[in-house]
Amino acid sequence: MTAAATRQDVEAALRGVVDPELGADIVELGMVRNVTVQGPVATIDIALTIAACPMRDQIESDVKRKVTALPGISEAVVHVVAMTPEQRADLMAVARRRAREGAAPTMVNPLTRVIAVGSGKGGVGKSSLSVNLAVAMQLAGFRVGLLDADIWGFSVPRMLGTSDRLEANADRKIVPIEAHGIQVVSTGLLVETEETALMWRGLMLSKALEQFLRDVAWDPDLDYLVVDMPPGTGDVQMALSRLLPQSEMVVVTTPQKAAQKVAARVADMARRSYMPVVGVIENMSGFTTEAGDHYDLFGVGGGEELANDLGVPLLGRVPLDPLVVSGGDDGSPVVVAHADAPSARAITAAMRRIVELVPPAEDETCTARIAVLMAALGDQAPGARP
Ligand SMILES: Nc1ncnc2c1ncn2[C@@H]1O[C@H](COP(=O)(O)OP(=O)(O)O)[C@@H](O)[C@H]1O
Ligand SMILES: [Mg+2]
C-alpha cells in the first residue's frame with residue numbers, strides 16, 4: 001500500500017501544471033492558494049489573473065488530473081479566484097525574472113505536452129506504439145517530437161526507417177533529425193566515432209536522458225513530445241518526471257495477467273513521481289486470421305482490468321498484426337503504410353483519446369494581454385522590479 005498523499009504531495013504535483021501563457025508552473029507563479037486534504041478530497045484555490053480567462057478550463061482540468069493521480073486522492077475540488085492587481089503585478093515580476101534568467105532546465109518548451117509510453121517489461125510493444133502514436137499525431141496535424149529514452153535498447157530509428165546522423169548546430173545543440181514528419185532523437189542516431197562512443201559509455205542512463213532534454217534544440221512549437229521509455233521503473237522514469245514535470249504516462253500491457261502485474265508497478269511508480277497516468281493501451285489483443293478465425297493468444301481482459309485497477313481509461317486494444325512487425329522492420333509505420341488495418345485504426349483511435357484527455361496547450365491568452373500592457377507601461381508598471 002502506498003501512503004495517502006499529503007498537502008505537500010499535492011503542492012509538489014501542482015508543480016507539474018504549467019500556465020500555458022507564462023510557461024512557468026502555477027506554484028512558482030504564486031497561483032496556488034490554500035491547499036487542504038481531507039480524506040480522499042483535496043481542495044485547491046487557484047488564483048488566475050482574470051477569472052474569466054480562456055485557459056481557465058485547461059488549468060482546472062490539468063490540476064484535477066495531476067491531483068487525482070495521487071495515491072488516496074479521488075476528488076479534487078478547485079476554486080478559482082481572480083487575482084488582485086497587486087497579485088497580478090507580482091506574478092508578472094516572477095514571469096519577467098524567469099524570462100530574463102532564461103536558464104531553462106531543459107530545451108523542451110513547458111507548453112509541449114509530454115507523453116511517456118511505459119510498461120513493466122520489454123517486448124510488449126512500447127516502441128511500436130510510441131512510433132505509431134507519434135506519427136498518427138503528426139498525421140492529425142500536430143507538431144510532434146519523439147524521444148527514444150531506451151538508451152541502449154533503442155529501436156526507434158529502425159522503426160522510422162532512418163539512418164541519418166544527429167549533428168550539432170552553431171549553438172552546439174543537437175538538432176533532431178526528421179523522419180515521417182516528426183522530430184526524432186535516439187542514441188541510435190549518434191555518430192559512432194570513438195570519442196562519442198566513449199562519452200556515452202561513461203554516462204549513467206539518467207544523465208543520458210538529461211542530455212537529450214538539455215542539449216537538444218527541440219522545436220519550441222512542438223505540441224507533443226512522445227517518449228519511448230526503457231522497460232521497467234528505473235532511473236529514467238525518475239529523471240523524466242524531475243526534468244519535465246509536465247510528463248504524463250501511457251501504460252502499455254498485453255492481455256496477460258503476468259504483464260498486467262508488472263505494468264501496475266510502473267503506474268505506481270509514475271504516480272509516486274507525480275506523473276499522471278493518462279490511460280492504458282492493451283497491445284497484442286488477439287489475432288484474427290484472413291479467414292476470420294479469432295485467437296486470443298495472450299488471454300483476454302488484462303488491459304481492462306489494469307485500467308479499472310488504476311481508475312484510468314482503457315485507451316484502446318491493438319490486435320496482433322504482422323503489419324505492425326513488418327512496418328517496424330521496414331521503417332514504414334503501420335498507421336502510414338496500412339492506415340485501414342485494424343491495428344492502425346486502433347492506434348489512431350487511441351491517439352485521439354490521448355489528445356482528448358491531454359489537449360495541446362492553448363495559445364489563447366489572457367496573461368499575455370497583461371504582459372503586453374505591462375510592457376507598454378515599462379518600468380513604471382506597479383510591481384516591476386529592476
Ligand atoms: N500489435 C502488434 N502485433 C504484432 N507484433 C507486434 C505488435 N506490437 C509489437 N509487435 C512486435 O513485438 C516486438 C516487440 O515490440 P516493441 O515495440 O519493440 O516492444 P518494446 O518496445 O515494449 O520492447 C516487435 O517485434 C514488434 O514488431
Ligand atoms: Mg522498446
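## Packing of α7 and α8

In this predicted model, helix α7, spanning residues 205-214, packs against helix α8, spanning residues 235-243. The angle between the two is about 35°, and their axes lie 8 Å apart. The crossing of α7 and α8 is right-handed.

On the α7 side, the contact is made by Leu205, Ser206, Leu209, Glu210, Leu213 and Arg214. Their counterparts in α8 are Asp235, Val236, Ala239, Leu240, Arg242 and Leu243. By class, the residues of this contact comprise seven nonpolar, four charged and one polar.

## Surroundings of ligand 1

Ligand 1 is surrounded by 16 residues, of which Gly123, Lys126, Ser127, Ser128 and Asp321 are the closest. Eight residues of the shell are nonpolar, six are polar and two are charged.

## Polar contacts and coverage

Two serine side chains and one backbone position approach oxygen atoms of ligand 1. For Ser128, a polar side-chain atom is 2.6 Å from a ligand oxygen. For Ser127, an N or O atom of the side chain lies 2.9 Å from an oxygen atom of ligand 1. Gly125 takes part through its backbone, with an N or O atom 3.0 Å from an oxygen atom of the ligand.

Taken on its own, ligand 1 has 560 Å² of accessible area, and the protein covers 79% of that area. Two elements, α4 (126-139) and α11 (322-330), each give two or more residues to the shell around ligand 1. Helix α4 provides the largest share, with three residues.

Notes. Residues are numbered from 1 along each chain as its sequence is written. Chains are lettered from A and ligands numbered from 1 in the order in which they are written. This is a predicted model: local features need pLDDT of at least 70, side-chain atom pairs count only at pLDDT 80 or more; totals for chains, interfaces and linings use all residues. Side-chain values use heavy atoms; hydrogens and water are left out. Axes are lines fitted to C-alpha atoms, for helices over the stretch in contact, and angles run from 0 to 180 degrees between N-to-C directions. Helices (H or I, at least four residues) and strands (E, at least two) are DSSP runs, numbered from the N terminus. A crossing is left-handed if the near helix is turned anticlockwise from the far one by less than a right angle, and right-handed if clockwise. Contact means heavy atoms within 4.5 Å. Ala, Val, Leu, Ile, Met, Phe, Trp, Tyr, Cys and Pro count as nonpolar, Asp, Glu, Lys and Arg as charged, and the others, Gly among them, as polar. A residue is near a molecule or strand if one of its heavy atoms lies within 4 Å of it. A polar contact is a pair of N or O atoms within 3.5 Å; within protein, one must be able to donate a hydrogen and the other to accept it, and residues adjacent in sequence count only if both atoms are side-chain atoms. Accessible areas come from the Shrake-Rupley method with a 1.4 Å probe; for residues, only the protein chains shown count as cover.
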